[in-house]
Amino acid sequence: MLFNSFEFPIFLSIVFLLYWFVFNKNLQHQNLLLLIASYFFYGWWSWKFLGLLAFSTLLDFFYGFGVASPNKSKSKLFLCLGIINNLGFLAIFKYYNFFVKEFLYAAGLLGLHLHPLLIEVALPVGISFYTFHGMSYVFDIYRGIRKPVTNFIEYAVFVCFFPLLVAGPIERANHLLPQVQTARRFKYSQAIEGCRLILWGMFKKVVIADALAGYVDEIVDHYTVHNAYTLLMGAISFSFQVYCDFSGYSDIALGVAKLFGFELLSNFKFPYFSRDIAEFWRRWHISLSSWFRDYLYIPLGGSKEGKLRAVRNVFIVFLVSGFWHGASWNFVVWGGIHACGFLPLLLFDRNRRYISTIVAEDRRFPTIRELSQMAGTFLFVTFAWIFFRIHNLGTAWDYVKRIISGSIRNPSQYVSLPPGKLILLYIIPVLVADWYFRRDERVLRRLGWVLSLAMGVWIFFAFKRDSSFIYFQF
Amino acid sequence: MKKFLTKVFLYIGSLLVIVSLVSIYYFRRVPNQFLLVSNSVSYNLKAGFIQQQPERLNKAEIIVVGSSMSLNNVSAKMLQDSLHMPAINLSSWGLNIANYEHSAIWDRHKVFLCNIGMPDFEPLGVDTKDDFSFNTSRVREIFNLATDFNTLMATIKQGKEVMAIRDNRDYKSCNFDECGSVLFSDSAFNYDSARWNGDDYLRFAVDSAKLIDYVRQLKKITTTHQGYTRIIISFSPGRGVFYSQKRSAMVAYLGRMIRESCPQAVFVNLYDRHYPDSTYADDSHFNVIGAKRYTAELVDSINGLGIGKK
């Protein structure tokens, strides 16, 4: 079930009313309701993969007890089983065909013609997210950060709580499980804040991302007939499309969770106001980048074992992170580009310059220097997005070359509105809003009645039935 | 909780009132001959045109189908007068042969003419809900709107566009003649330099895979439906500046495939004909002069098939 579908508001209303009016007396009943609702939500897309979700959840639940064993070797064994299991599911359902095809290609180069089995199944939605939930759980137990959960329903709600089930944020056991285990009380301010987040997320997705998607598709699909200016506008449009699409989803997820008394991890913090790539990755898809930091980068040694090791670790994390997005080389290249952008900062010890501050924190406008830093970072990120959007590497590179060497004199022949003006029209509200949010995220509270209604009307008229979220494919 | 629910209901109620008022305002301005049966304003107007005179479709012996390449390049009126057979043009913007797959119009014992060109290889964009029955009701239209069309905004935009489609001096003209064709004016025409210089062959990346797909769709129709008398597929030329041997060879290849895969269909290849720029409205659509000259060539070809009446 998609957040932006006719069914979702009906589903949400029913679950909300049952949750607060029928099952409100007993925490276990509330959790059971959330579990059933989450499975229903997931099964609406494909009931066939419910078994996989349940099986994966069950395995991690039991591995948790093994990992918690005082016997170190037994603990390590179960940790390995947990990792192998989760990565195994990913390997089978997400990466198997990719590896087989690459192997066949390599074998073909050597003159071998093999016919191995290819799995013709759709990628289970959310598999990259719920397997990472499971892994974070066993990791945290192994590191002694938390104890295993004894109630299966509580654990299952942590793994598949419907707002975050298909596209995150990737929650940590330490953050979400205590909330699942504690009685929730309805708070008016939290619920209203949730509604505002849902509205803002919907606006970003339905009004901005979906509108930009049409133009991006038009430009990318026919990129050979467009001039450099249009291609650049197409790339910039995609930067905002992917941001509004994914952050819109995250906002809706956070908002829906608030309606049930949960606080989820924030996934975005105005990434396009970052002053360098390191800051960008502290603000973009935060739950994933911090996951990789805690469960991959630091265990690999982080930056504590010399520069060479740190460089290696950074590349591993970015390449794996790219590959996490999809079984295709373009995502690996995308990760590699970001690693290359991060590298100089790491080498000159400048990657931790902007850890706690936000640009122009106590000023209304940025300085020229900050502005150029943000523009530089944004252009770099936009360049990398080209490789994210276009799956064929040759086509992506050709697209880049045409931006650099093509004519910029004539506006596009085929995009019905001058692309520059159109993009400004859609991007300005997001930039303005994010600029205010950057100092105080509570500014959403000032969203008045008139503005909220205007946004609602706009969403209603712009609503498209068959529009999915970009990150669903991961 | 009570305060929260009151606020939410108040918000949703206000939202519905505003949306209803805006929708009613726009739909009241839409003329009668506009039916909400697709996401294409051109098709919706054509559906309204047919619904108001169903006898024309019933009596027609030649039915022109297809995209704007049929709508603007073929004069159904001229076919009717020259072949002495009642004719009607059912085509509208962006319709592809695949759109007609489930239509019952093929079972009418008629001659069908589908004129195509390079723009016909664009991806499907029109979503028709009446399967070319050209019959609907207001209830059905509201149901279509609620369940199928992409956005309410897009549909409202259609309503606004309808007001602008009045004469034949613009590409957006849906000013049908008595047989349903739209022939662009040759004087004071609102030329669009981007369209004039555009190259649909490049834009839609026409390649052999797309030609094969087209033939596959045609084959599906010719094997599924048996009631028609003849299907004629003709291929229009484009402005001379875009002509090349390679493109000509591709069109000839399409013709060969149609002859091999769909023996019931006749392919008329007029792609190699040279028409001066003064006969065009853009890179591939004719103005009234070009359309009449082109239709005359089609009449000769149809007569050559022994279809016309003396």
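Is the crossing of α5(A) and α12(A) left-handed or right-handed? The crossing is left-handed, meaning that the near helix is turned anticlockwise from the far one by less than a right angle. The axes, lines fitted to C-alpha atoms over the stretch in contact, come within 12 Å and cross at roughly 35 degrees, on a scale from 0 to 180 degrees between N-to-C directions. On the α5(A) side, the contact (heavy atoms within 4.5 Å) is made by F132(A), M135(A), S136(A), F139(A) and D140(A); α12(A), residues 286–297, brings L288(A), W291(A), F292(A) and Y295(A). By class that gives 7 nonpolar, 1 polar and 1 charged residues.

All this comes from a predicted model, where local features need pLDDT of at least 70 and side-chain atom pairs count only at pLDDT 80 or more, while totals for chains, interfaces and linings use all residues. Residues are numbered from 1 along each chain as its sequence is written, chains are lettered from A, and side-chain values use heavy atoms, with hydrogens and water left out.

Helix α5(A) also turns up among the elements covering the buried residues of α3(A), along with α2, α4, α6 and α7 of chain A. Buried here is under 20% relative accessible area with a 1.4 Å probe, protein chains only, and the buried set in α3(A) includes L50(A), F61(A), Y63(A) and V67(A). At 1.5 Å a residue, the 18 residues of α3(A) should span 26 Å, and the end C-alpha atoms are indeed 26 Å apart.

As for α9(A), residues 188–221, the expected span is 50 Å and the ends sit 47 Å apart, which agrees. There is a kink of about 35 degrees centred on A209(A), taken between axes fitted to the seven residues ending there and the seven starting there. This helix is mostly covered, with 26 of its 34 residues buried.

How values were computed. Helices (H or I, at least four residues) and strands (E, at least two) are DSSP runs, numbered from the N terminus. The expected span of a helix is 1.5 Å times one less than its number of residues. Buried means under 20% relative accessible area, exposed over 50%, partly exposed in between (1.4 Å probe, protein chains only). Ala, Val, Leu, Ile, Met, Phe, Trp, Tyr, Cys and Pro count as nonpolar, Asp, Glu, Lys and Arg as charged, and the others, Gly among them, as polar.
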